[in-house]
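Biologist: Mind going through this one with me? I'd like to hear the reasoning behind the labels.
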Amino acid sequence: MLEEPDVGGRQTLPAQTGTLRQGRPQVNDTDLIPRVPVQHHRRPPAEMVREAEAFAQRMAQRRSVRDFAGDPLPDGVVEAAIRAASTAPSGANVQPWRFVVLTDPARKRRLREAAEAEERAFYDRRASAEWLGAIAALGTDWRKPFLETAPAVIVVFEVHQGPHSPKPYYVKESVGIAVGLLITALHHAGLVTLTHTPSPMRFLNEVCERPPEERPYVVMPVGYPTSDAHVPDLPRKPLDEIMIRW
Ligand SMILES: Cc1cc2nc3c(=O)[nH]c(=O)nc-3n(C[C@H](O)[C@H](O)[C@H](O)COP(=O)(O)O)c2cc1C
C-alpha cells in the first residue's frame, strides 16, 4: 500500500509572519518555513523523451464521457486521485479547494434533479444563441442522467475567505490546476470523467451541504463508460498551431 505523503502543517505558509513595520510584514529567520531537500533524480535524456511521448499518447486517449455504467469503483481510487489533485501548486499555498464525493444514490438523485431543473431553464431560456451554437455539435441537452448513473460524482468547490478559511490568491488558477491533475489521475487509473459546469451552480452548496464561502467550480461524474458509449470525433489542434518557439 502506498504511504500517505507527509504534507503536514509545515507546507502551509503563515498568512502574516513577524512584526508589522510601516504596514509591511517583517519576516524574521525564525518565521521561515524549514527547508527540505528537493526530491529529484535526473534520468537519461532518451528515457525522458520516451516517457514524455508515452504520457502524451496516454493523455490523448482521454475523452469527456457522458454515458456511464453503474459498476462500482475500486476502494481507494477516488481518494488517491484527489490526493494527486491536492498536490497542485496554489497561490500562496492556500490550497483553496474542496472535493465533495457523492456516492449515495439518494444524494446523486437530488443532484441530478436540481441540475436538470437549472439546465432546462438554461437551455430553454437563459443560454444565448451564440453559446447554443457553440455547443450544438456536441449534442448535449438539459438531460444529465450521468449524475445518477456514475458510481461517484466529485463536486469541486473553490474555498474563499470564511470563518475557517484564509483569503485565497489566484483561486481560479489554483483550482483549475488541481482539477487538471484530478482529470489526469482518474484517466491514469483507468476511469473516465466529464467536466460538467451547470449554470448557475449555487444549488450545489445545498446538495453538498457546503457553506457559502465555498463556491462550486465543476461537477465531475466518475466511473466506466457503458459498453456502447460514444463520443464526438473531435480533432485536437496540432502542435504547430498551439506552440510558438522563438
Ligand atoms: C470548463 C469546462 C466546462 C465544460 N462543461 C461541460 C458541460 O457542462 N457539459 C458537457 O457535456 N461537457 C462540458 N465540458 C466538456 C467539453 O465539451 C469537452 O472537454 C470538449 O468538447 C472536448 O472533448 P474532450 O474532453 O473529450 O477532449 C466542459 C469542459 C470544460 C473544460
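Modeller: Sure. Let's begin with a definition: a strand here is a DSSP run of E with at least two residues, and a helix is a run of H or I with at least four. Keep in mind that the model is predicted.

Biologist: Then what makes Thr30 a loop residue?

Modeller: Thr30 falls between strand S2 (24-25) and helix H1 (45-60).

Biologist: And why is Thr30 called exposed?

Modeller: The cut-off for exposed is 12 or fewer other C-beta atoms within 10 Å. Thr30 has 7, so Thr30 counts as exposed. Also, Thr30 and Ala60 sit 30 residues apart in sequence and 47 Å apart in space, C-alpha to C-alpha.

Biologist: What does UniProt place at residues 60-224?

Modeller: The unreviewed UniProt entry has "domain: Nitroreductase" there. In the model, residues 60-224 are 41% helix and 18% strand, with the end C-alpha atoms 17 Å apart.

Biologist: How do the axes of H2 and H6 cross?

Modeller: Helix H2 (residues 77-85) and helix H6 (residues 171-188) have axes that come within 8 Å and cross at roughly 145°. The crossing is right-handed.

Biologist: Which residues meet there?

Modeller: From H2, Ala81, Ile82, Ala84 and Ala85; from H6, Ala178, Val179, Leu181, Leu182, Ala185 and Leu186. That contact splits into ten nonpolar, no polar and no charged residues.

Biologist: What about the shell around the ligand: how many are nonpolar, polar and charged?

Modeller: Four nonpolar, five polar and two charged. The residues surrounding the ligand include Arg63, Arg66, Thr140, His196 and Leu234. Arg counts as charged and Leu as nonpolar.

Terms used:
Residues numbered from 1 in each chain as written. Predicted model: local features only at pLDDT ≥ 70, side-chain atom pairs only at ≥ 80, totals over all residues. Near = placed C-beta within 6 Å. Buried ≥ 20, exposed ≤ 12 C-beta atoms within 10 Å, placed from the backbone. UniProt positions renumbered as here; feature names shortened; annotations may be inferred. Axes fitted to C-alpha atoms, helices over the stretch in contact; angles between N-to-C directions. Left-handed = near helix turned anticlockwise from the far one by under 90°. Contact = placed C-beta atoms within 7 Å.
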